[in-house]
Each structure stands twice: as C-alpha cells, then as structure tokens.
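Got the structure open in your viewer? Keep the selection box handy, and we'll go from stop to stop together.

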Amino acid sequence: RFANYCMMASSAVLWEITKNNSAFLAKKTQFQFNRERNNLRGKNCFRYSGLVHDKTIDIIPGEGNKGVKMVLKTKNRSKPIKQCTEFSFKPGKRRALNSIRNTIRKTKYRKELEMLALQKASALLRSQAPKKNNAKRNK
C-alpha cells in the first residue's frame, strides 16, 4: 500500500512523513544517521535520502569484494524489483572512477551527488587494495 501512496505524493511530503519515523533511522548523541539503501552519506536529510527521491545513486562493493557497482534508482515505484539498475565496472581504480563520473555526467543524473559517489567509490576501492608489507621498516 505504501508504494501506491508514494506514486501520488511529492518528495517533500514523503520526507516530512519519514524524517523522524523511519525504520532505518539511527539516532546518536547529536546526529541522526540513516541506514537506508541509496543514501550515499548516511545522513538523515532530504538531499541524501534514498526513499523519497525518484533518482538516487548508490555505490556498493562488487562481487567477491572486488571492484564497485553503481546502483541507479528508476521511476518504477510500483515495481520494487525493477526499481534499481546495477552497473558493474571493469577492473582498475582509475577506469572505474572515470566510468562513474562519465555515467553521471552524460545521463545528467543528480549532478550534486557526483562527488559523493566518487568519494565513496574511491574509499571502497582503497579498502579492497592489498595492504603493503612494511617488513623493511621493522628491521
């Protein structure tokens, strides 16, 4: 039933309903965080919310924790299975980041989230990189 109401309501109305009452909300000392999907920052604010916007971007680890995938949300609110589209990128940090940048720019898909998507992808790729052994320093 919620999906039917989402089709009729605007993003601002949906945000007013869900901003203080969400299953994904995590209230800490001064800050409110959000664990919802398609929320790049993890902040509980209108700009980054993945529930209320028609177009959202998310960066997730690739299969086998190698590489990254970009998830774009489409306008199929009534069909949740078909709502998200995943894009896998070829190996290579520079190649993946350029592909993410070009995809967002060419499709004109929420340009204000471009740098956040690149930052998250870069952090994921950095965490997947093999760690350097500093054996020479310890001697």
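Start by selecting Ile100 and showing what surrounds it. Setting aside neighbours within four places in sequence, Ile100 is in contact with Ile59, Val68, Met70, Phe89, Ala117, Leu118 and Ala121; contact here means heavy atoms within 4.5 Å. A word on what you're looking at: this is a predicted model, where local features need pLDDT of at least 70, side-chain atom pairs count only at pLDDT 80 or more, and totals for chains, interfaces and linings use all residues. Residues are numbered from 1 along each chain as its sequence is written, and side-chain values use heavy atoms, with hydrogens and water left out.

Now widen the selection to the core. Ile100 belongs to the largest nonpolar core, which has 20 residues. Such a core is a set of buried Ala, Val, Leu, Ile, Met, Phe, Trp, Tyr and Cys residues joined through side-chain atoms within 4.5 Å. Buried means under 20% relative accessible area, exposed means over 50%, and partly exposed is in between (1.4 Å probe, protein chains only). Leu40, Ile57, Ile59, Val68, Met70, Ile100 and Ala117 are the members that touch the most others. Colour β3 (57-61), β4 (68-73), α3 (93-107) and α4 (114-128) next, since each supplies at least two residues of this core. Which of the elements gives the most to this core? That's α4, with six residues.

Zoom out for a moment and turn on the cartoon. You should find five helices and five strands in the protein chain. Helices (H or I, at least four residues) and strands (E, at least two) are DSSP runs, numbered from the N terminus. Walk along the sequence and the pattern reads α-α-β-β-β-β-β-α-α-α. Switch to a surface view: the accessible surface comes to about 9900 Å², and 52% of it belongs to carbon and sulfur atoms. These areas come from the Shrake-Rupley method with a 1.4 Å probe; for residues, only the protein chains shown count as cover. Of the chain's 139 residues, 35% count as buried.

Back to the strands: select β3 and β4. The two pair in the antiparallel sense over five bridges, where pairing takes at least two bridges found by DSSP between two strands. Find Ile59 and look across to β4, where its bridge partner is Met70. Together β3 and β4 form a hairpin with six residues between them, and Gly64 in the turn has a positive phi of about 70°.

Keep Met70 on screen and add Thr85, in strand β5 (residues 84-88). Thr85 and Met70 sit 15 residues apart in sequence and 8.2 Å apart in space, C-alpha to C-alpha. Again leaving out neighbours within four places in sequence, Thr85 is in contact with Met70, Val71, Leu72 and Thr74. Is Thr85 buried or partly exposed? Thr85 counts as partly exposed, at 31% relative accessibility.

Next, hunt for aromatic rings. A search of the whole structure turns up two aromatic pairs. Rings of Phe, Tyr and Trp (its six-membered ring) pair if their centres lie within 6.5 Å; planes under 30 degrees apart count as stacked, over 60 as edge-to-face and the rest as tilted. Select Trp15 and Phe46: their ring centres are 6.3 Å apart and their planes are at 65°, so this pair is edge-to-face. The pair links distant parts of the chain, with Trp15 in helix α2 (residues 11-18) and Phe46 in the loop between β2 (32-34) and β3, 31 residues apart. Trp15 counts as buried at 11% relative accessibility, whereas Phe46 is partly exposed at 33%. Then pick Phe31 and Phe33, whose ring centres are 6.3 Å apart with planes at 45°, so the pair is tilted.

For a polar stop, select Asn34 in strand β2. Asn34 is buried, at 6% relative accessibility. Follow its side chain to the backbone nitrogen of Glu36, reached at 3.3 Å; a polar contact is a pair of N or O atoms within 3.5 Å, and within protein one must be able to donate a hydrogen and the other to accept it, with residues adjacent in sequence counting only if both atoms are side-chain atoms.

Finish with two loop residues. Asn38, in the loop between β2 and β3, has a positive phi near 70° without being a glycine. Lys108, in the loop between α3 and α4, also isn't a glycine and has a positive phi of about 55°. Asn38 is buried at 6% relative accessibility, while Lys108 is exposed at 60%.
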